[in-house]
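I opened the notebook to look up a few things in this structure. The entries are short and kept in the order of looking.

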Amino acid sequence: MEKTIPVIDLEKISEKGECNKLREACEKWGCFRIINHTIPATLMAEMKEVVGALLDLPMEIKKRNTEVIAGSGYMAPSPINPLYEALSLYDLGSPQAMRNFCSQLDVSPHQRQIMEAYGEAIHGLAVYIGQKMGESVGVTVGGEFEDWACQFRINKYSFTPESVGSSGVQIHTDSGFLTILQDDENVGGLQVMDTSSSFVEVPPLPGTLLVNLGDIGNVWSNGRFYNVQHRVICKEATKRLSIATFMLGPKNRQIEAPAELVDHDHPRLYQPFFYDDYRKVRVSNKMPTGEALELFRLVNEGK
């Protein structure tokens with residue numbers, strides 16, 4: 001039987017059965033699709049049009065999209081990912097950050113209006129999903145995730161007939177807490193690695209969103225949540241677009257597992273640290289699949 005990733009119905013998320021399903025998805029898969037979410041289909045379609053237009057801009061304009069933190073800003077095709085490029089907006093919730101991004105890329109007032117509406121909706125959804133993930137493991141989250149920094153990344157894969165079967169983007173984990181992905185509703189290629197180290201296809205499902213858990217999700221949950229490795233493979237000679245929203249980590253405080261997830265049988269796995277420090281270590285040491293977490297792990301000496 002072919003494996004498929006879990007599907008979570010947000011309209012039922014407060015019911016015990018769906019809450020348990022969410023917890024299992026976080027622990028065993030590190031990813032899940034969400035249906036009956038709050039992002040209007042019309043807004044998703046309009047946002048994809050904006051993304052396509054921005055990624056079709058001349059290279060000299062896209063290069064104005066500069067780094068704010070390590071690994072943000074414009075990502076041009078590279079020897080590792082020759083078919084991939086991306087634009088990035090760090091700190092999605094900041095009006096100033098949005099103004100800077102729009103100014104860099106000569107975004108029209110209409111495009112900016114769509115981006116702001118999408119950003120507000122997707123940020124609220126990320127906070128809500130984070131809260132429900134916490135509740136699924138017995139943590140009363142409250143406003144925990146509302147001030148966490150978020151990053152937008154809009155992605156373009158320029159697949160050719162010669163590239164079919166090759167890698168669109170290398171195997172990696174996401175560095176943050178969770179990622180909400182609006183994947184291309186027509187073009188597949190995304191694969192996730194399950195806990196048995198087998199890759200599982202994630203085919204498009206129009207109208208849904210995909211959630212991936214990253215390295216900070218593993219830290220915050222004290223090792224309970226699986227930071228899923230994933231990649232994109234070229235399936236057909238066409239353009240593929242996707243829109244990723246990363247909830248990264250707290251802006252002005254350290255990341256550490258809540259007290260409810262630490263006890264005698266589950267000692268604290270990681271020392272407290274700032275997200276930016278983790279990201280710098282991960283990027284500078286070229287550790288794309290979560291290896292940098294080991295540098296922050298505590299030695300519990302059998303306690």
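The entries below go from the whole fold to pockets, salt bridges and one loop residue.

**Entry 1: the whole chain**

I note at the start that this is a predicted model. I counted the secondary structure elements and found 7 helices and 11 strands. I then looked up the radius of gyration, which is 19 Å; the globule rule gives 19 Å for 303 residues, so the protein is as compact as a globular protein of that length. For the outer dimensions I took the box along the principal axes, and the C-alpha atoms fill roughly 55 × 45 × 40 Å.

I also looked up burial over the chain: 53% of the 303 residues are buried. For the contacts I looked at pairs at least 6 apart in sequence, and 78% of these contacts join residues at least 24 apart.

**Entry 2: the largest pocket**

I asked which residues lie closest to the centre of the largest pocket. The pocket has a volume of about 1,000 Å³, and of its 41 lining residues the closest to the centre are Met75, Arg153, Gln170, His172 and Arg282.

Next I looked up where the lining comes from. The elements that each supply at least two residues are the strands β4 (148-158), β5 (167-172), β6 (178-182), β10 (230-233) and β11 (239-250), together with helix α7 (275-284). β11 gives the largest share, 5 residues. By residue class, I read 18 nonpolar, 15 polar and 8 charged residues in the lining of this pocket.

**Entry 3: the cavity**

How many cavities of 30 Å³ or more does the structure hold? I found 1, and the volume of the largest cavity is about 30 Å³. I listed its lining as Lys48, Gln182, Asp183, Asp184, Glu185, Leu241, Ser242 and Ile243.

β11 turned up again here, with the largest share of the cavity lining at 3 residues. The classes in the cavity lining are 2 nonpolar, 2 polar and 4 charged.

**Entry 4: salt bridges**

I searched the whole structure and got 20 salt bridges. As background, I wrote down that side chains of opposite charge can pair when their charged atoms come close. I then followed three of the pairs.

I began with Arg23 and Glu27, whose closest N and O atoms are 3.9 Å apart. Both residues sit in helix α1 (residues 16-28), 4 residues apart, which is about one turn of the helix. Glu27 counts as partly exposed because its relative accessibility is 22%, and the cut-off for buried is under 20%. I also found Arg23 and Glu27 in a network of salt bridges, linked with Glu24 and Arg224.

The second pair is Arg282 with Asp215, at 2.7 Å from N to O. Arg282 belongs to helix α7 and Asp215 to helix α6 (residues 215-220), so this salt bridge ties together parts that are 67 residues apart in sequence. Are the two partners buried or exposed? Arg282 counts as buried at 12% relative accessibility, and Asp215 counts as buried at 0%. I had already noted Arg282 among the residues closest to the centre of the largest pocket.

The third pair is Arg268 with Glu256, at 4.0 Å from N to O. Both Arg268 and Glu256 are in the loop between β11 and α7, 12 residues apart. I looked up their accessibility as well: Arg268 is partly exposed at 22% relative accessible area, and Glu256 counts as partly exposed at 40%.

**Entry 5: Val187**

I ended with Val187, which lies in the loop between β6 and β7 (190-193). Val187 counts as buried because its relative accessibility is 7%, with the cut-off set at under 20%.

Which residues does Val187 touch, not counting residues up to four places away in sequence? I found Pro204, Glu236, Thr238, Lys239 and Arg240. I also checked Val187 against Lys28, 159 residues away along the chain; the C-alpha atoms of these two residues are separated by 26 Å.

Technical notes: Residues are numbered from 1 along each chain as its sequence is written. This is a predicted model: local features need pLDDT of at least 70, side-chain atom pairs count only at pLDDT 80 or more; totals for chains, interfaces and linings use all residues. Side-chain values use heavy atoms; hydrogens and water are left out. On a 1 Å grid over the protein atoms alone, a cavity is a set of points where a 1.4 Å probe fits but cannot get out, and a pocket is an open set with protein on both sides within 12 Å along at least five of seven lines; lining residues have an atom within 4 Å of a point. Grid points are joined across faces, edges and corners, and a volume is the space filled by probe spheres set on the points. Ala, Val, Leu, Ile, Met, Phe, Trp, Tyr, Cys and Pro count as nonpolar, Asp, Glu, Lys and Arg as charged, and the others, Gly among them, as polar. A salt bridge is a side-chain nitrogen of Lys or Arg within 4 Å of a carboxyl oxygen of Asp or Glu. Buried means under 20% relative accessible area, exposed over 50%, partly exposed in between (1.4 Å probe, protein chains only). The radius of gyration is taken over C-alpha atoms; the globule rule is 2.2 Å times the number of residues to the power 0.38. Contact means heavy atoms within 4.5 Å.
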